[in-house]
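Me: I'm new to reading protein structures, and I'd like to learn feature by feature. Could you walk me through this one?

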Amino acid sequence: MRGLKCILFLSFLTCILSTEPQSTSLSSDVALEHEKKLSEYVLTILEHYKQQNPVGIPGAPIPDPLQIPPMNHSFSVGRMNFRDMKLYGLKKFQIEYISANIAKMKVEAALLIDKMDIIGNYTLKTWFSSAQGAFTVKLTKVNIKAEANLEVQKNGSLEAQDIAMDITFRDMAMDFQGLGFFASMFQGIINSVGTFVFDSIKPFILSEANTRIRNDINKQVSKFPQKFPNSISPFDQLVTEVRRKVQFMGYDPYKIADYNSSAGIFDVYLSHTWLYGGSSFHRTKDIIFEMKDNILRTLLEVGTQRLMGTTHWEISLVSGILSKLGTATFSVEYIQVQLNASQSMDIRKRPVLDDIQIELGNIQVRFDGLGTVDYLIELGINVVPNLLRYQIMDAIEKPIKTRIQEELNKVNVEEMIKNNIDKLDSAEGLSELNNFL
């Protein structure tokens, strides 16, 4: 259960650390904010997401307003110059969704900004006259989509690659002051200016965001002391380490509770059942963390390789008048577990197990020392594979569901994060968090 707590803890921090502030080209106030410890910044984020509809992220490496370089626009009868431009509203975003594929180290995100304003000054010159003044371009329902990847470098460290981003909007409104009679004479030209302004500053915005966010992510992941091989993903390496811990804790082999069942006229008793190979589990699908509607959801699926087992069986007919007992070996093709859990970004709320699906592969049984048996007893023996399936499912399905939800009900995410938050401020602490996994 501690591993499940840690998944929730680390996945939450993964979502919020990617926006920790950086110092490049920032004002003194923001630079001062940057001097805060990482733990203090995380606590600020936690408080921010206790709001009903949180907007933006405190201290995010996004300048607002963003200074836009001067630019020119030529058309058939003249030329327009734009200067002193600033873009307002970049920080007032809401997260529509964030989807992180942990196995592939890939993150996709979509943000929504209700409105953005481009404000500046213009000069219009034609072959017969000129005009100048202030202008405003208002964009509404601005959508930002981004896709980022982490890769393992030769030295074993993680590094973010270029971030693919795009910005679109639903509606645009413009206001150019001081146009005078140009407003009606060149109405068609003026109508196209807003689109030109947006299309011209869009590459600049994307480049700034790419550089700032990528540099900040690399700064954060460089703090992790663990090195990763480039032959497998970091998550798969983590699964390998967990397998070792399962063996160390004595869960492989695993003793299954005795099972007693009636099958028609037979009473079947299975005892001393051992299952070998449970620590062979591995990732069977991509591991997905998704944040939507301020709820973090986890989709995790793992499966085992072929498992082997032994059991003692006893079958009796007509209340023990005729009975037979012996031992058997069996194999289970695989066990597969799919887990869906969720955690509100308001960490005062408890995590929830939304769904769990457990699937067993084909079971084959070999009876040792069966000898000659009565025909009716032989019929009873034929039901043993199905009873083994029930026995194994009873041993893992209900306890897993019940135990996970019981443990989740005990988890105080806010307290857990606050108790471990100081570990983010030192390499030793980060190493201790890694050992906690």
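Me: Let's begin with strand pairing. Over how many bridges do E17 and strand E20 pair, and in the parallel or the antiparallel sense?

Reply: Remember as we go that this is a predicted model. When you look at two paired strands, check their direction and then find which residues face each other. Here E17 and E20 (residues 363-368) pair in the antiparallel sense, over six bridges. To get your bearings, find Phe330, which stands opposite Val365 in E20.

Me: Which strand is joined to strand E17 by 11 bridges?

Reply: That's strand E16 (residues 307-317), which runs antiparallel to E17 (residues 322-332). A handy landmark is Thr311, standing opposite Ala328 in E17. As a general idea for any strand you look at, side chains in a regular strand alternate between the two faces of the sheet.

Me: Ok, on to the inside. Which residues touch the most other members of the largest nonpolar core?

Reply: The general idea is that in soluble globular proteins, nonpolar side chains tend to be buried together. In this model, the largest nonpolar core has 45 residues, and Phe82 and Tyr122 touch the most other members. Another core, of 32 residues, lies apart from it. Ala328, which we just met opposite Thr311, is among the residues of that other core, as are Leu317, Leu360 and Ile396.

Me: How do I read burial along a helix? Which residues of helix H9 are buried?

Reply: List the buried ones, then ask where they sit around the axis. In H9 (residues 413-420) they are Val413, Glu414, Met416, Ile417 and Asn420. They cover an arc of only 165 degrees around the axis, so they are on the same side of H9.

Me: And Val42, buried or exposed?

Reply: Val42 is found in helix H3. Its relative accessibility is 0%, so Val42 counts as buried. You can also compare sequence with space here: Val42 and Pro58 are 16 residues apart in sequence, and their C-alpha atoms are 9.8 Å apart.

Me: What about nonpolar side chains on the outside? Which residues form a nonpolar patch on the surface?

Reply: Look for Phe248, Met249, Tyr251 and Tyr254, which together have about 510 Å² of accessible area. Take Tyr254 as an example: it lies in strand E10 (residues 254-256). Its relative accessible area is 34%, so Tyr254 is partly exposed.

Me: Salt bridges next. How many does the count come to?

Reply: The count comes to 10 salt bridges. For each one, look at the N to O distance and at how covered the partners are. Glu47 forms one with Lys50, the closest N and O atoms being 3.0 Å apart. Glu47 is partly exposed because its relative accessible area is 44%, whereas Lys50, at 18%, counts as buried. The cut-off that decides this is that buried means under 20%.

Me: Which residues are linked with Glu47 in a network of salt bridges?

Reply: Lys50 and Glu414 are linked with Glu47 in that network. You've seen Glu414 already, among the buried residues of H9.

Me: Where in the chain do the partners Lys138 and Asp117 sit?

Reply: First find the contact: their side chains meet in a salt bridge, 3.7 Å from N to O. This pair links distant parts of the chain, with Lys138 in strand E6 (residues 130-152) and Asp117 in strand E5 (residues 106-126), 21 residues apart. Lys138 is partly exposed, with a relative accessible area of 40%, and Asp117 counts as buried at 14%.

Me: Last topic, backbone oddities. Which residues does a cis peptide bond join?

Reply: To spot one, check omega. The bond between Asp64 and Pro65 is cis, with omega about 10 degrees. Pro65 lies in the loop between helix H3 (38-48) and strand E1 (66-68).

Me: And what is phi of Asp293?

Reply: It's near 55 degrees, a positive value in a residue other than glycine. Asp293 is in the loop between strand E14 (288-292) and strand E15 (295-303), and counts as exposed at 59% relative accessibility. In that loop between E14 and E15 you'll also find Asn294, with a positive phi of about 60 degrees although it is not a glycine. Asn294 is partly exposed, at 24%.

Conventions: Residues are numbered from 1 along each chain as its sequence is written. This is a predicted model: local features need pLDDT of at least 70, side-chain atom pairs count only at pLDDT 80 or more; totals for chains, interfaces and linings use all residues. Side-chain values use heavy atoms; hydrogens and water are left out. Patches are made of residues with over 30% relative accessible area and no salt bridge: like charges are joined within 9 Å, nonpolar side chains (Val, Leu, Ile, Met, Phe, Trp, Tyr) within 5 Å. Accessible areas come from the Shrake-Rupley method with a 1.4 Å probe; for residues, only the protein chains shown count as cover. A salt bridge is a side-chain nitrogen of Lys or Arg within 4 Å of a carboxyl oxygen of Asp or Glu. Helices (H or I, at least four residues) and strands (E, at least two) are DSSP runs, numbered from the N terminus. Buried means under 20% relative accessible area, exposed over 50%, partly exposed in between (1.4 Å probe, protein chains only). The arc is that of the directions from the helix axis to the C-beta atoms. A nonpolar core is a set of buried Ala, Val, Leu, Ile, Met, Phe, Trp, Tyr and Cys residues joined through side-chain atoms within 4.5 Å. Two strands pair if DSSP finds at least two bridges between them.
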